[in-house]
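Please open the structure in your viewer and keep the selection panel at hand. The tour below goes from one selection to the next and says what is found at each stop.

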Amino acid sequence: MKKVEYRKEDAGASFTQEGNVLVISLKEDLDHHNAMYIRERADRMLEREAIRHVVFDFTGVDFMDSSGIGVIMGRYKQVIFSGGKAAVCGIGAAVDRIFKLSGIYKIIEKYDTAGDAVQALGGRR
Amino acid sequence: MEDFMNMDCEKRLLLEFDSKSENEGFARMMTSAFIAGMDPTLEELADVKTAVSEAVTNAIIHGYRDRTGTVTIRAAIHSRELFVEISDTGVGIEDVCQAMVPLYTTRPDMERSGMGFSFMEAFMDELEVHSGVGEGTRVRMKKKISGGK
């Protein structure tokens, strides 16, 4: 497991690579403000590392608006080209409602924990 | 929608802040605090926070785009109803109907999902958008807060 250091402005999320799965563990509300940093950070890792799948772990985060849909869809579009998948986990009631309303569950799978997601996607944990 | 500015309300809020993205969380927090006395359910609280977040984000990224301006939130409580208005004096929206079409966005480069107005409509009872090119945009929303009893 590779832990990546992040700067203060990236405090909205931490990024871990497990096998070929990038796990983005959200630490704060996923709004437009945090989405900008997460997008930038995730894309840097997707460019440099051998990553195939992306998991967004919402454990401990109970707010997301449409900016979150944008950032997840954006990463989904990137990994799908190389046969990868995007998944979410640790979803509370409020975030679940946003996902349901957006219709994102048609293309993105939901798991209980990051471990479940990583295992299902074929990474290691 | 009733003009809550001229109504006899129990409680009012006036908030002005810079159109900086770090203020999005602040706007949600202040709105949550304002309605806390209505004893909203977790779902009602989440609905209001999402709707306010969408409108404030719109003001920041569309209204003021590349400059910093002032975003104003006015809110009022009348019996069990919450009225909230988010306004900016930015560029305005040329075609409000088109802007409200689900998935329509003028900023695909920013990975905007085009769901902002859809979420405001879904999570609040009423939504009104007034906008003029070069004049800014005013979003008014209303929601009944039943509360957790």
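Select helix 3 of chain A, which gives the most to the lining of the largest cavity, with 4 residues; bear in mind throughout that this is a predicted model. Then add the rest of the lining, where Asp62(A), Phe63(A), Met64(A), Ala94(A), Val95(A), Arg97(A) and Ile98(A) from chain A are joined by Ala46(B), Asp47(B), Thr50(B) and Phe123(B) from chain B. Besides helix 3 of chain A, helix 2 (42–63) of chain B is an element that gives two or more residues to this lining. The space they line has a volume of about 50 Å³, and by class the lining divides into 7 nonpolar, 1 polar and 3 charged residues.

Next, colour the two chains separately and select the contact between them, which takes 21 residues from chain A and 25 residues from chain B. About 1,800 Å² is buried between the chains, with carbon and sulfur atoms giving 53% of that area. On the chain A side, pick out His32(A), Ser66(A) and Arg97(A), which lose the most area to chain B and together make up 32% of what that side buries; Arg97(A) has already appeared in the cavity lining.

Now show the side chains of Arg39(A) and Glu111(B), which meet in a salt bridge at 3.9 Å, N to O, one of 6 salt bridges found across the interface of chain A and chain B.

Finally, select helix 2 of chain A, which gives the most to the side of chain A that touches chain B, with 7 residues. That side has 8 nonpolar, 7 polar and 6 charged residues.

Methods:
Residues numbered from 1 in each chain as written. Chains lettered and ligands numbered in written order. Predicted model: local features only at pLDDT ≥ 70, side-chain atom pairs only at ≥ 80, totals over all residues. Heavy atoms only, no water. Contact = heavy atoms within 4.5 Å. Buried area = accessible area lost by both parts, 1.4 Å probe. Salt bridge = Lys/Arg side-chain N within 4 Å of Asp/Glu carboxyl O. Nonpolar A, V, L, I, M, F, W, Y, C, P; charged D, E, K, R; others polar. 1 Å grid on protein atoms, 1.4 Å probe; cavity = no way out; pocket = protein on both sides within 12 Å on 5 of 7 lines; lining within 4 Å. Points joined across faces, edges and corners; volume = space filled by probe spheres on them.
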